[in-house]
Amino acid sequence: MDFLRATTWAEALRMKADRPDATPVQGGTDVMVEINLDKGRPKALLDLTPVAELTEWSVESGNIRVGAGVTYTRVITELADRLPGLAQASRTVGSPQIRNRGTVAGNLGAASPAGDSHPPLLATGAIVEAESVDGVRMIPIGDFYTGVKRNALAANELIRAVHVPLRAGPQYFSKIGTRNAMVIAVCSFGIALNVAERTVGTGIGSAAPTPRRAVEAEAFLAENWSPGDPEVGRRFGELVAAAAAPIDDVRGSRDYRVHALAVMARRTLGWAWEEHRRTS
Ligand SMILES: Cc1cc2nc3c(=O)[nH]c(=O)nc-3n(C[C@H](O)[C@H](O)[C@H](O)COP(=O)(O)OP(=O)(O)OC[C@H]3O[C@@H](n4cnc5c(N)ncnc54)[C@H](O)[C@@H]3O)c2cc1C
């Protein structure tokens, strides 16, 4: 196995162009586990950890541009006030050691339907900044997930950053697992309320081949803007559950996931509305 180490972003792009078969490594918390478990042996690894540009975040036209090397720990400690949904999801990832190494970009690269960053990225309408020697491509998050553990990146592209809109209202993330920590989601849900525009964003995790929005639930709430009304909350939950397409697997049954999603959607909507009432 060849080991390539890029020290600048330009060098990383050149290396990926020369070796499209190289597997990028950011925190390595997915890649190294796969290799250790002998689930695959890449022809080459492209280590991105020395690339300083990737470890930065910045505020750009209403978004936080989170560099591909920004860890979950830094999302929690540095961005929780501006990206509360993503920070909540980050707190549930693995253990402190995993959060110190793992990144949102790595979660996107792996594109597991159970990845915890996906629901808040969908709920806020994030955009993935991909780049290759041919140029930059801004990929709306809804177009990024193309199948189970598959994404829209071309073979010569790398993730440079993810652009997440600044908080426009309360955001919540809810995750069900078989225990409280170090657990892959049985299912998860993210919500982002925009009270000024009377809109809601949603993201469903671990309950379909890819993470996905609950588009009908979003439209229903926009048309019936009474998030505090229990009947509206109940119907919103039903529509979120209807948007899922879960399977039975070792972590949970299809029926349990459908039920749990309806409960999580109703509850997170209630929490978000309560926060809005308390703080406005
Ligand atoms: C013990 C343990 C617990 C875990 N718990 C959770 C959990 O609770 N929730 C959760 O969501 N995940 C969990 N994970 C999985 C993992 O930590 C996350 O998916 C994490 O976000 C991966 O980030 P990383 O930087 O380590 O990615 P890496 O392992 O470096 O890479 C992951 C994938 O992304 C690709 N990639 C990395 N960087 C780039 C880039 N810049 N451009 C293009 N592709 C890139 C890699 O090639 C690879 O396919 C856990 C893992 C372990 C080992």
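**Exercise 1.** In this predicted model, work out where the ligand lies with respect to domain 1 (2–46 + 53–165) and domain 2 (171–279), and why.

*Solution.* The shell around the ligand takes residues from domain 1 and also from domain 2, and therefore the ligand lies between them. As a next step, turn to the secondary structure, where β2 (22–25), α2 (31–36), α6 (104–110) and β10 (158–165) each contribute at least two residues to that shell. Of the elements, α6 gives the largest share, which amounts to 4 residues.

**Exercise 2.** Describe the shell around the ligand by residue class, and state which residues come nearest to the ligand.

*Solution.* Begin with the classes: the shell is made up of 15 nonpolar, 13 polar and 3 charged residues. Then look at the individual positions, where Pro-24, Thr-29, Asp-30, Tyr-72 and Thr-103 come nearest among the 31 residues around the ligand.

**Exercise 3.** Find which atoms of Gly-28, Gly-106 and Asp-116 lie close enough to the ligand for a polar contact, taking 3.5 Å between N or O atoms as the limit.

*Solution.* Start with the backbone, where an N or O atom of Gly-28 is 2.8 Å from an oxygen atom of the ligand, while a backbone N or O atom of Gly-106 is 3.3 Å from a ligand oxygen atom. Continue with the side chains, where an N or O atom of Asp-116 lies 2.7 Å from a nitrogen atom of the ligand. To complete the picture, consider the cover as a whole: on its own the ligand has 980 Å² of accessible area, and the protein covers 86% of this.

**Exercise 4.** Characterise how domain 1 and domain 2 meet, using their separation, the residues in contact and the area buried between them.

*Solution.* The first step is the separation, since the C-alpha centres of domain 1 and domain 2 are 24 Å apart. For the contact itself, domain 1 provides 22 residues and domain 2 provides 25 residues. The size of an interface is often expressed as the accessible area lost when the parts come together. Here about 1700 Å² is buried between domain 1 and domain 2, with carbon and sulfur atoms giving 65% of it. Finally, on the side of domain 1, Pro-113, Pro-119 and Leu-122 supply 28% of the area that this domain buries against domain 2, which is more than any other three residues supply.

Methods:
Residues numbered from 1 in each chain as written. Predicted model: local features only at pLDDT ≥ 70, side-chain atom pairs only at ≥ 80, totals over all residues. Heavy atoms only, no water. Near = heavy atom within 4 Å. Polar contact = N/O pair within 3.5 Å; in protein donor to acceptor, adjacent residues only side chain to side chain. Areas by Shrake-Rupley, 256 points an atom, 1.4 Å probe, with all protein chains shown as cover. Nonpolar A, V, L, I, M, F, W, Y, C, P; charged D, E, K, R; others polar. Domains from an automatic or database assignment. Contact = heavy atoms within 4.5 Å. Buried area = accessible area lost by both parts, 1.4 Å probe.
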